[in-house]
Amino acid sequence: MFDGIIQNIFNALQWGSFYSLIALGYCLVYGVLLLINFAHGDVFMVGAYLAFFLATCLLGAGSLPHWLILALIVPLTMILTSLVGVAIERVAYRPLRRKGANKLYVVITALMCGLILEHANLAIFGASRRSFPTLVDQATINLAGLSVTNLKMAVIVVAFLVFILLELVISKTKIGMAMRAISYDRFAIPLMGIPPENIIVFTFALGSGLAGLAGLLFAMSYPVLDPYMGAMIGWKAFIAAVVGGIGEIRGALVGGFLLGFVEIMAVAFFPSTFRDLIAFTILLLILWKKPTGLFGVSRYQKI
Amino acid sequence: MALLEIKDMNHAFGGIEAVAGFNLHLEGGELNGLIGPNGAGKTTIFNLVSGFYQPTGGQIFFRNTNTAGLKPHRITGLGLARTFQNIRLWPEMTVLDNIRVAHHYSLGYGFLACIFRTPTFLRREREVTTAAYEILESLNLKDFAQELPKNLPYGLRRIVEIARALATRPALLMLDEPAAGLTSADLQGLIDVIRMIHQTFQVTIWMIEHQMQVVMDLCQYIQCIDFGVTIAEGTPDQIQNNPAVIKAYLGDDTFQCC
Amino acid sequence: MKQFSIPAVLTVTLVTLVGISLGEGINLYWQDVIMFMGINIILSASLNLVNGYMGEFSCGHAGFMAVGAYVSSLVSVALFTQSSLFGAPILSSGWAVPLFPLCLLAGMAAAAISGLLVAIPSFKTRGDYLAIITIAASFIIKSAIENIKPIGGARGFMGMGQVTAAMSGTADLPWMMFWVFLGVVFTIWILRRFVSSTYGKGILAISQDEIAAEIMSVNTNKMKIVAFMLSSGLAGLAGGLFAHKLGYVNPGSFTILKSTECLVMVYLGGMGSLSGSVLSAVVYTLMLEILRFVIPWINDLLRWAQLIPTDYQVTQIWKWVLIPLLLVLLMQFRPEGIMGRHELADYFPWIKKFYRFR
């Protein structure tokens with residue numbers, strides 16, 4: 001019984017980590033452009049697939065040790081995924097932004113980009129699911145009587161590390177400061193001698209890189225890939241980001257973990273088909289009560 | 001019965017007292033001014049009276065109704081209209097539609113009547129259109145009825161916004177810096193329009209204004225506030241020579257107005 | 001003359017549609033396409049009320065469609081057919097034709113009430129936060145339907161085929177074509193009357209400046225409730241027609257993809273343009289069907305040019321790559337949609353001479 005609860009908590013933390021990592025990407029882009037990047041969930045999917053192809057290539061290439069392959073895959077996946085994210089920004093969003101199109105049209109374009117990624121994948125690689133090769137042997141760690149698999153532990157640790165790093169980047173570095181500034185006033189940024197397009201590209205690269213990392217970790221933990229895996233998880237992570245207070249790094253983290261916990265607890269007490277129903281109802285209630293999310297502050301509207 | 005009675009109104013944003021102990025008594029028929037340096041809390045007072053903010057202390061009675069907790073559209077329905085410092089017309093609706101929509105308080109029909117085009121609906125639509133044209137006519141705006149406000153020059157937009165406020169048939173019209181951003185050529189026209197409205201529409205006017213020319217020309221009685229506190233009140237002459245007002249505006253010493 | 005032109009055109013169109021369907025002037029496939037076109041028109045026009053005219057961003061339209069589909073199906077199945085869920089029919093099948101609109105109305109009413117789920121939060125919040133609330137609401141509706149076992153859960157609900165069969169028993173006409181046509185006319189009629197009245201223009205005012213709307217005596221909360229309930233109610237109508245057209249429904253039809261389709265049609269047509277919504281629904285539906293034919297050609301062409309490996313087939317899935325791609329390109333060249341904010345009559349003033357709209 002007690003062990004079951006502990007296992008549930010670890011599961012919740014693991015899922016929370018996935019949600020948080022994706023939510024962070026939404027959050028970064030929203031913070032800078034006030035744009036919901038609906039393609040982000042599918043960028044996560046692309047990340048998982050890239051990791052898959054890299055892993056199979058490297059495994060087939062020769063007798064590299066598994067730890068080296070992993071060490072190569074992590075940065076490569078992140079870089080390639082961030083390239084995908086930046087490419088979407090360059091090709092689809094930037095021209096619209098330049099034309100001063102209504103923000104909603106950019107959002108629709110984002111939705112369309114997500115659909116393209118999903119279905120291009122489906123069309124090119126077929127509907128068969130792919131299984132991710134085992135790179136790390138599953139092992140159980142015993143921590144003071146609690147047993148956790150090494151992968152779960154790794155996912156959780158990575159999520160927290162990423163959060164701390166990101167917090168540092170945002171609050172301490174020059175580019176982080178520029179990112180915060182741009183969300184307050186986009187028009188004052190170029191006047192201060194900061195090139196806004198560079199900041200935007202950096203933001204997309206960072207967010208997509210994190211999605212790629214999340215994709216890799218997800219593929220390692222749940223080694224079955226299909227083209228639609230990103231859509232649902234992406235929507236959920238996004239709702240989590242909003243519940244936390246979109247545009248706030250802390251909010252994305254807390255929202256992600258909150259969603260993870262709510263889902264796991266719902267499954268623990270109810271049939272598993274109730275998971276989405278309960279999770280979304282709770283999130284909706286939070287938003288009813290606190291429309292700007294847990295950490296968000298409403299933008300002051302001058303009358 | 002007084003038209004508007006404000007007693008000891010307070011408002012705080014967080015820790016900052018934006019308005020402290022503000023009092024006002026309007027009997028009806030006046031043309032009063034509210035002046036003060038930037039950030040003095042003038043617009044906050046307007047927002048409190050029109051119902052966007054709830055005062056943290058004190059009471060507001062409009063036509064003997066306590067307006068506490070009333071939504072702005074209810075207060076407007078009681079007969080209070082206002083304009084905004086930065087013009088807030090609906091830019092993509094024609095001038096005529098801008099004025100017609102301001103009749104919402106008295107439409108007297110609902111969704112179903114609107115769908116089934118009941119006799120009440122048709123009669124009211126006709127009446128609203130006629131009334132809108134009357135207002136436009138009285139302000140010499142009839143030629144612009146089918147224009148979009150975003151295509152009008154700035155000075156004209158000001159007048160359209162005042163016309164829209166008049167469409168709600170107010171007993172009290174609150175103008176928030178009507179002369180802001182106008183050229184000196186437009187100023188005299190605005191003064192004439194406001195005076196004309198005050199006389200022909202039988203409406204009490206209470207305005208915030210920075211342009212001393214406008215205030216001194218129009219207002220019968222002026223209140224000056226600074227940091228949320230009323231520092232002086234009186235006739236234009238009294239205000240002009242009041243040392244506290246001079247100090248608030250210019251710091252110390254000399255006062256060279258206009 | 002002028003006031004009769006629209007009813008005359010509509011009657012002629014209806015008679016033609018029903019006539020050629022009956023006389024098999026067009027085959028069943030194209031009849032289906034026309035019906036889906038009608039359903040799409042209802043969806044895009046109704047979503048345009050909220051997303052275009054009121055300027056909110058609601059992306060959960062499929063959820064309300066689902067409510068309408070299920071409720072109207074349940075009512076019609078209970079009334080007219082022998083089913084395992086409700087047992088014997090309550091009324092004889094002769095009543096199916098006259099009472100069918102009531103079934104659709106029941107679906108509309110239920111969908112309108114579920115619209116409150118997003119209307120009430122919209123008092124306090126708007127923009128992106130409201131968008132999330134609408135997405136969450138549509139997920140909740142879909143998930144709730146999946147979890148109600150008596151109506152089939154995730155497997156779906158069927159039996160509506162017998163309802164249409166009962167209607168055909170009364171008179172052998174293409175009834176669904178008839179109802180879809182009436183539904184479209186009803187939707188456009190109701191929306192047009194609403195947005196052209198001073199009352200309905202209140203929602204335009206809300207979209208352009210909510211604070212000014214409130215101070216100019218527009219009861220913004222009430223207008224939002226009206227707009228959301230009308231929009232979701234009409235989505236429910238589309239859902240009811242959709243369910244009876246197919247003869248079965250399952251929650252899988254009402255995913256976020258369906259909502260996305262609705263959004264695409266609204267923005268393709270232009271925000272706040274009814275004729276744009278109609279046009280874009282027609283264009284969009286046709287585009288889907290044309291691609292169905294074009295894709296095999298592309299396959300053959302590429303095979304002939306030896307650009308694709310021999311074991312690869314260009315399948316229908318490419319449709320869902322090409323359509324978003326086309327739309328992305330369209331957004332780049334005409335970011336305000338086909339019609340922008342205008343109606344057809346704004347571009348072609350001469351057509352105003354031929355009709356009068358009341």
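At what angle do helix α6 and helix α7 of chain B pack, and how far apart are their axes? The first close-up answers this, and the views after it visit other spots in this predicted model.

**View 1. Helices α6 and α7 of chain B, side by side.** Here helix α6 (residues 154-166) of chain B packs against helix α7 (residues 184-200) of chain B at an angle of about 10 degrees, and their axes are 11 Å apart. An angle under 35 degrees counts as roughly parallel, and α6(B) and α7(B) are therefore roughly parallel to each other. On the α6(B) side, look for Gly155(B), Ile159(B), Ile162(B) and Leu166(B). They meet Asp186(B), Leu190(B), Val193(B) and Ile197(B) of α7(B). Sorted by character, the residues of this contact are 6 nonpolar, 1 polar and 1 charged.

**View 2. Arg164(B), a buried arginine in helix α6 of chain B.** Staying with helix α6 of chain B, we now turn to Arg164(B). Is this residue buried or exposed? Arg164(B) has a relative accessible area of 0%, so it is buried. Beyond its neighbours up to four places away in sequence, Arg164(B) touches Arg88(B), Leu89(B), Trp90(B), Asn98(B), Ile99(B) and Ala102(B) in chain B. From chain C, Ala212(C) and Met216(C) also touch Arg164(B).

**View 3. Helix α1 of chain B, enclosed.** How many residues of helix α1 (residues 42-50) of chain B are buried? The count is 9 of the 9, so this helix is largely enclosed by the rest of the structure. Its buried residues include Lys42(B), Phe46(B), Asn47(B) and Ser50(B). Just after α1(B) comes Gly51(B), with a positive phi of about 100 degrees.

**View 4. Two residues with positive phi, Gln202(B) and Ser217(C).** Most residues other than glycine have a negative phi, which makes a pair of loop residues worth a visit. Gln202(B), not a glycine, has a positive phi of about 55 degrees. You will find Gln202(B) in the loop between α7 and β8 (204-208) of chain B, where it counts as exposed at 65% relative accessibility. Ser217(C), also not a glycine, has a positive phi of about 75 degrees. Ser217(C) sits in the loop between α10 (210-215) and α11 (220-246) of chain C, and with a relative accessible area of 4% it is buried.

**View 5. Gln31(C) and its contacts.** Gln31(C) belongs to helix α2 (residues 28-53) of chain C. With a relative accessible area of 8%, Gln31(C) is buried. Its side chain reaches the backbone oxygen of Ser21(C) at 3.3 Å. Setting aside residues up to four places away in sequence, Gln31(C) touches Ser21(C), Ile26(C) and Met177(C).

**View 6. Asn48(C), farther along helix α2 of chain C.** Asn48(C) is placed in helix α2 of chain C and counts as buried at 0% relative accessibility. Which backbone oxygen lies 3.4 Å from a polar atom of the side chain of Asn48(C)? That oxygen belongs to Gly270(C). Asn48(C) and Met271(C) are 223 residues apart in sequence, yet their C-alpha atoms are 6.4 Å apart in space. Not counting residues up to four places away in sequence, Asn48(C) touches Tyr53(C), Val266(C), Gly270(C), Met271(C), Gly272(C), Ser273(C) and Ser277(C).

**View 7. Asp3(A) and Phe160(A), two partly exposed residues of chain A.** Asp3(A) lies in helix α1 (residues 2-33) of chain A and is partly exposed, with a relative accessible area of 40%. Its C-alpha atom is separated by 7.7 Å from that of Leu146(A), 143 residues apart along the chain. Phe160(A) lies in helix α5 (residues 150-172) of chain A and counts as partly exposed at 35% relative accessibility. Phe160(A) and Leu253(A) are 93 residues apart in sequence and 8.7 Å apart in space, C-alpha to C-alpha. Apart from its neighbours within four places in sequence, Phe160(A) is in contact with Leu253(A) and Phe257(A).

**View 8. Where chain C meets chain A.** In this last view, 41 residues of chain C are in contact with 48 residues of chain A. The area buried between the two chains is about 4,100 Å², and carbon and sulfur atoms give 78% of it. Which residues of chain C lose the most area to chain A? They are Tyr129(C), Ile132(C) and Gln332(C), together giving 16% of what that side buries.

Definitions and conventions
Residues numbered from 1 in each chain as written. Chains lettered and ligands numbered in written order. Predicted model: local features only at pLDDT ≥ 70, side-chain atom pairs only at ≥ 80, totals over all residues. Heavy atoms only, no water. Axes fitted to C-alpha atoms, helices over the stretch in contact; angles between N-to-C directions. Helix = DSSP H or I, 4+ residues; strand = E, 2+ residues; numbered from the N terminus. Parallel < 35°, antiparallel > 145°, perpendicular 65-115°, else oblique. Contact = heavy atoms within 4.5 Å. Nonpolar A, V, L, I, M, F, W, Y, C, P; charged D, E, K, R; others polar. Buried < 20%, exposed > 50% of the residue type's maximum accessible area, 1.4 Å probe, protein only. Polar contact = N/O pair within 3.5 Å; in protein donor to acceptor, adjacent residues only side chain to side chain. Buried area = accessible area lost by both parts, 1.4 Å probe.
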